[in-house]
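Visitor: I have not seen this structure before. Please walk me through it, one question at a time.

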Amino acid sequence: MDIFIQQIINGLVVGSIYALIALGYTMVYGILQLINFAHGEVVMMGAMITISAIGALTNAGVHLPGPLMVIAGMLIAMPLTMLLGFTIERVAYRPLRKAPRLAPLITAIGISIVLQQVAVLIWKNNPRSFPDLLPHEPHNLFGAIITDLQIVIIVLAVLVMAGLLIMVEKTKLGRAMRAVSMNQAVAGLMGVNINYVISMTFVIGSGLGAVAGVMVGANYGLAYPTMGFMIGLKAFTAAVLGGIGNLGGAVAGGILLGIIESVGAGYLGPITGGILGSHYQDIFAFMVLILVLVFRPSGLLGERVAERA
C-alpha cells in the first residue's frame with residue numbers, strides 16, 4: 001500500500017505539470033480550433049531561460065535565499081516567453097487564420113523545430129542542471145515520502161490553475177475570450193477586439209508554460225533543448241483525455257494521465273516479469289491517447305464545442 005501511495009503522489013506531481021501545460025493547448029484550441037504544437041518548446045524555453053537567469057544573477061553577485069532566486073529567474077523568464085508566444089501568434093498563425101486547416105498545423109510543427117534549433121544554438125545540445133535551490137526535506141505520508149519541492153509544485157500548480165479559471169469566468173478579458181470561442185464574427189460585431197483576445201490567449205498560455213518549465217526543471221533536476229517535444233505530446237494527450245477546449249477537462253486530464261503513468265510505471269516491471277521497466281512509462285500516455293481517440297474522441301468531460309451561427 002505504501003508503494004501504491006508513493007506512485008499516487010508521484011502521479012499528482014507530474015500530473016499537475018501536465019495539467020498546467022495542457023491548459024495552454026486547450027485555450028488556443030478553444031478559440032482558434034488550432035493545435036499549437038510549438039507550446040512544448042515554449043515550456044522548454046521557460047526552463048532554459050530561468051536556468052540562465054539564475055546563473056546570470058549569481059555571477060552578478062546577487063545573493064538571495066534559494067526559493068527567491070528561483071522566483072527571480074522565473075519572473076525574468078515569464079515576460080520573455082510571453083513575448084515569444086505573442087510573436088508566434090503574430091508572425092506564424094495570424095496570416096494563416098483563414099487558410100486550410102492543414103497549413104497552420106504544419107506551421108506549428110515547423111515553429112516547434114525552429115525553436116528547438118534556436119535553443120541548441122544558444123545553449124548547445126547538452127542537458128543543463130537546474131540549480132539546487134529549493135528545499136527537498138522529505139515528509140512521511142502514510143508510509144510514502146513527499147518532499148517540500150513536490151508539495152510546492154502541487155500547490156503552485158493548483159493556485160495558478162485556479163487563478164486562470166477565475167480569470168476566464170470572472171474578468172472582462174475572460175468574457176471576451178469565451179465570446180470569441182463561441183462566435184468570432186458576432187463577438188467582433190459586439191465590440192470585442194478579436195486580434196487582441198487571440199494574442200492575449202497566446203501570451204497567457206506562454207506565461208503558464210514558463211511556470212510549467214520551471215516545475216519540470218526543478219522536479220527532474222535538469223533541462224535540455226529537446227525536452228519540450230515529449231512533455232508537449234503528453235500534455236496534448238492530457239488535453240485530449242479531458243476534452244480539448246475544456247479548461248476543467250485539461251486539468252482533470254493532466255492529473256489523471258500523471259497518475260496513470262506513474263502507477264503503470266511502478267507496476268510495469270512486476271507485471272511483465274522484468275521485461276518492461278519503468279523507463280517504458282511513456283507507453284501509457286500514448287496508449288491513453290489511442291484509446292480516447294478510438295472510444296471517446298470528445299474526451300472524458302466532453303469537448304467544449306460552440307454552436308456556430
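Guide: Happy to! Helices here are DSSP runs of H or I with at least four residues, strands are runs of E with at least two, and both are numbered from the N terminus. Please keep in mind that this is a predicted model.

Visitor: Which loop holds Gln33, whose phi is positive?

Guide: Gln33 is not a glycine, yet its phi is near 55 degrees. Most residues other than glycine have a negative phi. To place Gln33, look at the two helices on either side, of which the second, H2, covers 39-59. Gln33 sits in the loop between H1 and H2.

Visitor: Is Gln33 buried, partly exposed or exposed?

Guide: Buried means under 20% relative accessible area, and exposed means over 50%. Gln33 has a relative accessibility of 22%, so its class is partly exposed.

Visitor: Which helix gives the largest share of the largest nonpolar core?

Guide: That core has 87 residues, and Leu20, Ile21, Leu23, Met45, Tyr93 and Leu164 have the most contacts inside it. The largest share is 15 residues, and it comes from a helix spanning residues 2-32, namely H1.

Visitor: Which residues does Leu23 touch, leaving out those up to four places away in sequence?

Guide: Leu23 is one of the residues with the most contacts inside the core. Once residues up to four places away in sequence are set aside, its partners are Met161, Leu164, Leu208, Leu247, Ala250 and Val251.

Visitor: How does the span of H4 fit what is expected at 1.5 Å a residue?

Guide: H4 runs over residues 102-123 and has 22 residues. From its first C-alpha to its last it reaches 32 Å, close to the expected value of 32 Å.

Visitor: Where around H4 do its buried residues sit?

Guide: The buried residues of H4 are Pro104, Ala108, Ile111, Ser112, Leu115, Gln116, Ala119 and Trp123. Around the axis they cover an arc of only 135 degrees, which means they lie on the same side of H4.

Visitor: What do those buried residues pack against, and which exposed residues are on the face turned away?

Guide: The buried residues of H4 pack against H2, H3 (66-93), E1 and H9 (227-242). The face turned away from that buried side carries the exposed residues Leu102, Ile106 and Leu121.

Visitor: Which residue follows H4, and what is its phi?

Guide: The chain goes on from H4 into the loop that leads to strand E1 (128-129), where Lys124 has its place. Lys124 is exposed because its relative accessible area is 52%. The residue following H4 is Lys124, with a positive phi near 65 degrees.

Visitor: Which residue shares a side-chain polar contact of 3.0 Å with His136?

Guide: His136 is in the loop between E1 and strand E2 (138-141). A polar atom of its side chain lies 3.3 Å from the backbone oxygen of Leu134. The 3.0 Å contact, in contrast, joins side chains, and the partner of His136 is Asp132.

Visitor: How many salt bridges does the structure hold, and which residues are linked in a network?

Guide: The structure holds three salt bridges. Glu89 meets Arg94 at 3.1 Å, N to O, and Glu89 also meets Arg97 at 2.7 Å. The residues linked in a network are Glu89, Arg94 and Arg97.

Visitor: Which is the class of Arg97, and which is that of Glu89: buried, partly exposed or exposed?

Guide: Arg97 has a relative accessible area of 28%, so it counts as partly exposed. Glu89 has 0% relative accessibility, and therefore its class is buried.

Visitor: How far apart in sequence are Glu261 and Lys234, which meet in a salt bridge?

Guide: Their side chains come together at 3.3 Å, N to O, and both residues are buried. Glu261 belongs to H10 (residues 247-271) and Lys234 to H9, so the pair links distant parts of the chain, and the separation is 27 residues.

Visitor: One last stop: what covers the buried residues of H6?

Guide: H6 spans residues 172-182, and its buried residues are Gly174, Ala176, Met177, Val180 and Ser181. Those residues fall within an arc of 160 degrees seen down the axis, so they line one face of the helix. Their cover includes H1, H5 (148-170), H7 (184-189) and H8 (194-220).

Conventions:
Residues numbered from 1 in each chain as written. Predicted model: local features only at pLDDT ≥ 70, side-chain atom pairs only at ≥ 80, totals over all residues. Heavy atoms only, no water. Core = buried A, V, L, I, M, F, W, Y, C linked by side-chain atoms within 4.5 Å. Buried < 20%, exposed > 50% of the residue type's maximum accessible area, 1.4 Å probe, protein only. Contact = heavy atoms within 4.5 Å. Expected span 1.5 Å × (residues − 1). Arc of directions from axis to C-beta. Polar contact = N/O pair within 3.5 Å; in protein donor to acceptor, adjacent residues only side chain to side chain. Salt bridge = Lys/Arg side-chain N within 4 Å of Asp/Glu carboxyl O.
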